[in-house]
Amino acid sequence: MLAQFGFGVFVLTFILALFSVGAAVFGYFDKSDRWVEAARRAMQLTFPLITLASLTLAYLLVTGHYELQYVYSVTSNDMPFYLKITALWGGQAGSLVLWSWLMSAFASAVTLRKWERDRELLPWVIVVTSVTLAFFLSLTILYENPFARWWQTTGGDFVPHMFAPAGAFPVTPADGQGLNPLLRHPGMIIHPPMLYLGFVAFVIPYAFAIAALVTGRSDDRWIRLTRRWTLVAWLFLSLGLVLGMRWAYDVLGWGGYWAWDPVEISALMPWLTGTAFLHSVMIQEKRGMFKQWNMLLIILTYALVIFGTFLTRSGVLSSVHAFAQSAIGPMFFAFIGITFVISIALLIYRWKDLRAEVEMTSMFSREALFLLNNLLFMGILIVCFWGVIFPLISELVTGQKVTVGPPFYLRANGPLFGALLALMGIAPLSAWGRSTFKTLGRALWKPSIPSAIVPVVLAILGVHNWIALVGFTLVAFVIFVTLFEFWRGVRSRQKKNDENFLVSFWQLAGRNRRRYGGYLIHLSMVVMAIGILGIELYQTTTQKTLAVGEDIQIAGYTLRYDSLAQFPYTDGRIVTRAALSVYRGGKFLSNLYPRYDYYTASGQPMTIAGVRSTLADDLYVVLVNWENVSAAQAPFKVYHNPLVNWLWIGSLMFIFGFLVAAWPQREEETRQGNT
Amino acid sequence: MQKSRPIGFQGRVKFILGGLLILAAVIYLIVSATNANAEYFMTVNELKSKGSSLVGRSLRISGAVIGDTIGYDPQTMNLTFEIANVPGDNASIEMGGGLAAVLHAAVTDPTRGRLTIVYNGPKPDLLRDEAQAIVTGHLGQDGIFRANELLLKCPTKYQEAVPSQVVNGN
C-alpha cells in the first residue's frame with residue numbers, strides 16, 4: 001500500500017515538473033507573469049512531494065519491507081538503524097531518488113526569491129532545473145523504481161515489478177541481502193550525500209548560465225547571482241572527494257587513498273572544470289573577459305556532473321552486464337548529448353555578444369596567469385578523460401582492449417599538477433592588466449630566496465628524488481608567497497591605521513574575505529600536496545607471515561605479533577582481530593589491531609587496517625585475508641606512509657579557508673542591493 | 001572598465017604560440033604516458049597465440065582458476081596457480097549461459113589453453129576453483145606469467161558491482 005502511494009507521488013511529481021517546464025516556456029514567450037508564477041509554484045511543490053516519497057521509502061527500509069526488491073537488496077535484519085537509513089542511497093534506485101530530492105530542494109530554494117531585477121532569467125532557470133528533475137524522475141518511474149515488489153511468475157521465477165505480471169503472485173522474503181559490506185561504514189552517512197550535494201548544486205549556476213544565454217544577457221549578473229551556489233557546490237564536491245579518499249584509506253586496506261579508477265575519475269572531472277570555472281569567473285567580474293570561456297566551463301561541468309552520476313551508480317562500470325541490460329545507460333547518454341548540443345548551440349548563437357570587453361595585453365598579467373591556470377585544469381581533464389575512454393577507443397580502432405592504470409595518470413598529470421603549484425605561488429604576485437616580466441620578477445624574488453634554500457636543506461638531509469625536491473620546493477614557494485602576501489597586507493594596514501598586528505590581521509582578512517580566504521585555500525592545497533608527495537614517493541611496504549611473538553621491521557619500526565582473537569559481532573559478521581605492538585628503538589609506542597571481518601550472510605570479507613598515525617608518518621598494518629586461520633601464525637602486510645596525515649590536515653584547513661572566503665559580507669551585500 | 005589599446009597581430013601571435021605550446025605539452029604527456037603504461041587486456045588463448053612477442057609488455061589476463069593447481073607457501077608467500085581460457089567478450093559469456101557456467105566449463109575442459117601464474121603475496125581467500133582471476137603483470141621468457149596484481153571475482157557469491165577483492169602486489 002505504502003509502496004503504491006510512494007510510486008504515485010513520484011508520478012504526480014513528474015507530471016508537475018513537466019507542467020512547470022511548459023508553463024515557464026509559455027510564460028516567457030507570452031510575456032505572462034501569471035504563467036511564470038504558476039511554473040514557479042509547481043516547481044516549488046515538487047520539493048514537499050519528493051520529500052514525502054523519500055520518507056515513505058525510508059520508512060519501508062527501516063521497517064524491513066523485504067517484499068520490495070530495493071529494500072531486499074540493500075537492507076537486512078541485522079543491520080543497525082543508521083545503516084538502514086543510509087541504504088536509501090546504497091543502491092542505484094535509491095540514489096537517483098536522493099538526486100531528485102536534492103535537485104528539487106535546490107531549485108525551490110533558488111526560486112524562493114522572485115528575482116524582481118532579473119525577472120527574465122527566472123522562467124529559464126525553472127526550465128533547466130525542471131527538465132533535469134523530470135529526467136531523473138523519469139528514470140525512477142520507468143527503469144529504477146525503488147517501490148517495485150517481488151512476484152513469482154507461473155514459471156517459478158522471481159521478478160521485481162510494480163504491478164502484478166499476468167498470473168504471478170506476490171512473495172515476501174524473510175530477510176534482505178543487506179548492504180554491501182564495503183558500504184557499511186560511518187563514511188556512508190556523509191560521503192555520498194556530500195558528493196551529490198556538490199553535483200546537484202552545480203546545476204544552479206548552469207541553469208542561470210543557460211537563462212543568460214537564452215535571454216541574451218551578456219553581463220555578469222548570472223555569475224554574481226550564483227557565486228555562492230558555485231562555491232557551495234565546489235565545497236561539497238571537494239569534501240565528497242576527500243571523504244571518499246579517507247574512506248578508501250580506512251576501509252579498503254590497500255594502503256592508499258586514490259586508485260585512479262573510472263568511478264573516482266568521474267567524480268574528479270566535474271571538480272576540475274568547476275575549479276577552473278571558479279577561478280575564471282573572477283576575471284569576468286573584474287575585467288569583463290573570458291565570457292565565452294566561462295559559459296563553456298559551466299556547460300562542461302553540468303555535462304560531467306550528469307556523466308559522473310551515471311558512472312558512479314554502482315553496477316554500471318564494473319559489471320558490464322548491468323550496463324547492457326539496463327536502459328539507464330542509453331537514457332543517460334541521450335540526455336547528456338541533447339543538453340550538451342543545445343547548450344553549445346546557444347553559446348555559438350550568443351558568441352559575438354560574449355566578446356571580451358578588454359583585450360589581454362601582457363603574458364604576465366594576472367588574467368593571463370588565470371588563463372594558464374584554466375588551461376592546466378583542462379589539460380588534467382583531458383588526461384583523465386583520455387584514460388577513461390582509451391580502452392573504448394582502442395577496442396574500436398584495433399579490436400584490442402588496452403587499459404591504462406595509475407602510473408599513466410601519475411606520469412601525465414604529475415607535471416601539470418606541479419605547474420599548478422608553481423602558478424599558485426606566482427599568480428597572487430602578478431598585477432591586473434599591464435604586468436611585465438620585470439614587474440613580476442621584482443615581486444617574485446623575495447619569496448624565491450627562502451624557497452631556494454629548501455631543496456639545498458632537503459638534499460643535505462638525504463632527499464635525492466628529484467620529483468620530491470621540485471615538489472617540496474614548489475610547496476615551500478607557495479607557502480612563502482602566501483605568508484608574504486598576508487604580511488604585506490597587514491603591514492600596510494598597520495602603518496595606515498596604527499593598529500596592533502593581530503587586529504590588523506583580523507581586519508584585513510575580514511575586509512577581503514574572498515581574497516584571503518582564497519589564499520588560505522591555496523595554503524590548504526599545498527599542505528595536502530605535502531601528504532600526497534609523501535605517500536606517492538616514499539611509501540614502503542613489506543609482508544610476512546608471523547608466528548606469535550615474531551616481529552617484522554619497516555622504516556625503523558618493529559611490529560610484534562602478540563595474539564589473535566575471533567568473535568561474532570551483533571550485525572552478523574565474524575571478526576578476526578590481531579594484536580600487534582609497535583616499537584621503535586626498543587621503546588614501546590602503541591598497540592595496533594588490524595581486523596578481518598567476514599559477513600556470513602553475503603559471504604563477503606572486509607579488511608580493516610590497524611593504523612598508527614602521526615604528523616611524520618602512518619604505520620598501516622593489514623591482517624591479510626587468509627584461509628585455514630590458526631592463531632599461531634598469520635600473514636601481515638605493513639605499509640609505511642610518510643607525511644600522509646598532512647593530506648587530511650590540509651582538508652580541514654580547506655574547510656576553514658572556504659568559510660573565510662564564503663562567509664556573507666555585509667557591506668558587499670548592501671552595496672550590491674543598491675546598485 | 002577602461003578600454004585598452006588593441007594588442008594587434010604580433011601580440012596575438014604570442015598568445016596563440018603560448019596556447020599551442022601548452023597543448024603540445026599536454027599531448028606529449030598523454031602520448032608518452034600511454035605508451036609507457038598501456039596494459040593489454042587479453043584472454044589466455046590470445047596470449048598463447050601471440051607468444052613471445054609479448055614478453056616484457058604490461059598485460060592483463062583474465063581466466064578461470066583451476067582449483068587443483070593452487071600452490072601456496074605461507075612462509076615465503078609464493079603463490080602459483082593455473083588459469084584456463086575463458087572468452088573475453090560479454091556476448092560469448094552470455095551465450096555460454098552466464099559467467100558462472102562459462103567458468104565451470106573452462107575448468108572442466110582439459111583441452112583449454114592454460115597459463116601458469118606466479119604471484120608473491122598473501123593468498124586471497126576468493127582464490128578457489130572456478131573463480132575468475134584477472135591478473136596484471138608480465139609474461140616471462142619461460143612462458144610463466146608473473147603477476148603483480150591479482151583481482152578475483154566469484155560469480156556465485158555476492159552479486160555486487162564492486163570487485164570482491166583487490167590485492168596489490170609489491
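**Exercise 1. The three-stranded sheet of chain A**

Task: In the open sheet of three strands in chain A, work out what the order of the strands is, and which strands stand at the edges.

Solution: Begin with the order, which in this predicted model is β2-β1-β3 of chain A, with antiparallel pairing in an open sheet of three strands. Next, turn to the ends of that order: β2 (158–161) and β3 (169–170) of chain A stand at the edges, and because each has a single partner strand, one side of each is left without a neighbour in the sheet. Then look at one pair in detail, where strand β1 (residues 149–152) of chain A joins β2(A) in the antiparallel sense over four bridges. Within this pair, A:W151 stands opposite A:V159 of β2(A).

**Exercise 2. The four-stranded sheet of chain A**

Task: For the open sheet of four strands in chain A, find the order of the strands, the edge strands and the average twist.

Solution: Reading across the sheet, the order is β5-β14-β13-β12 of chain A, and the pairing is antiparallel. The edge strands are β5 (540–547) and β12 (610–613) of chain A, each of which pairs on one side only. From one strand to the next, the twist averages 15°. As a last step, follow the pair formed by strand β13 (residues 617–623) and strand β14 (residues 633–642) of chain A, which run in the antiparallel sense and are joined over seven bridges. One residue to locate here is A:V622, whose bridge partner in β14(A) is A:K637.

**Exercise 3. Two packed helices**

Task: Describe how helix α16 and helix α17 of chain A pack, giving the angle and the distance between their axes, and then say which residues make the contact.

Solution: Two packed helices are described by the angle between their axes and by the distance between the axes. For helix α16 (residues 437–460) and helix α17 (residues 466–497) of chain A, the angle is about 150° and the axes are 8 Å apart. The crossing in which α16(A) passes α17(A) is right-handed. On the side of α16(A), the contact is made by residues including A:K446, A:P447, A:V454 and A:L458, while on the side of α17(A) the residues include A:L469, A:F472, A:F477 and A:F484. Sorted by character, the residues of this contact divide into 13 nonpolar, three polar and one charged.

**Exercise 4. The nonpolar cores**

Task: Identify how many residues the largest nonpolar core has, and which helix gives the most to this core.

Solution: The largest nonpolar core has 184 residues, and those with the most contacts inside it are A:V125, A:V200, A:Y206, A:F208 and A:V475. Helix α9 (residues 221–252) of chain A gives the most to this core, with 16 residues. To see the surroundings of one of these residues, take A:F208, which, leaving aside its neighbours within four places in sequence, is in contact with A:L121, A:V125, A:W222, A:L225 and A:T226. Apart from the largest core lies another, of 34 residues, among them B:M42, B:L99, B:I117 and B:L152.

**Exercise 5. Chain B and its strand β5**

Task: Set out the secondary structure of chain B, and then explain why strand β5 of chain B is largely enclosed by the rest of the structure.

Solution: Chain B has four helices and seven strands, and from the N terminus on its elements run α-β-α-β-β-α-α-β-β-β-β. Of the 170 residues in chain B, 35% are buried. Now consider strand β5 (residues 132–139) of chain B: six of its eight residues are buried, so this strand is largely enclosed by the rest of the structure. With strand β2 (residues 59–73) of chain B, β5(B) pairs in the antiparallel sense over six bridges, and here B:A64 has B:Q132 as its bridge partner in β5(B). With strand β6 (residues 145–153) of chain B, β5(B) pairs in the antiparallel sense over eight bridges, and B:G137 has its bridge partner B:A147 in β6(B). Finally, β5(B) and β6(B) form a hairpin with five residues between them, and B:G143 in the turn has a positive phi of about 80°.

**Exercise 6. Two single residues**

Task: Decide whether A:G399 is buried or exposed, and how A:A38 counts.

Solution: A:G399 lies in the loop between α14 (366–398) and β4 (401–404) of chain A. A residue is exposed if 12 or fewer other C-beta atoms lie within 10 Å of its own, and A:G399 is therefore exposed, with 7 such atoms within 10 Å. A:A38, in contrast, lies in helix α2 (residues 33–62) of chain A, and because A:A38 has 18 C-beta neighbours inside 10 Å, this residue counts as partly exposed.

Terms used: Residues are numbered from 1 along each chain as its sequence is written. Chains are lettered from A and ligands numbered from 1 in the order in which they are written. This is a predicted model: local features need pLDDT of at least 70, side-chain atom pairs count only at pLDDT 80 or more; totals for chains, interfaces and linings use all residues. Two strands pair if DSSP finds at least two bridges between them. Axes are lines fitted to C-alpha atoms, for helices over the stretch in contact, and angles run from 0 to 180 degrees between N-to-C directions. A crossing is left-handed if the near helix is turned anticlockwise from the far one by less than a right angle, and right-handed if clockwise. Two residues are in contact if their C-beta atoms, placed from the backbone, lie within 7 Å. Ala, Val, Leu, Ile, Met, Phe, Trp, Tyr, Cys and Pro count as nonpolar, Asp, Glu, Lys and Arg as charged, and the others, Gly among them, as polar. A residue is buried if 20 or more other C-beta atoms lie within 10 Å of its own, exposed if 12 or fewer, and partly exposed in between; C-beta atoms are placed from the backbone. A nonpolar core is a set of buried Ala, Val, Leu, Ile, Met, Phe, Trp, Tyr and Cys residues joined through C-beta atoms within 7 Å.
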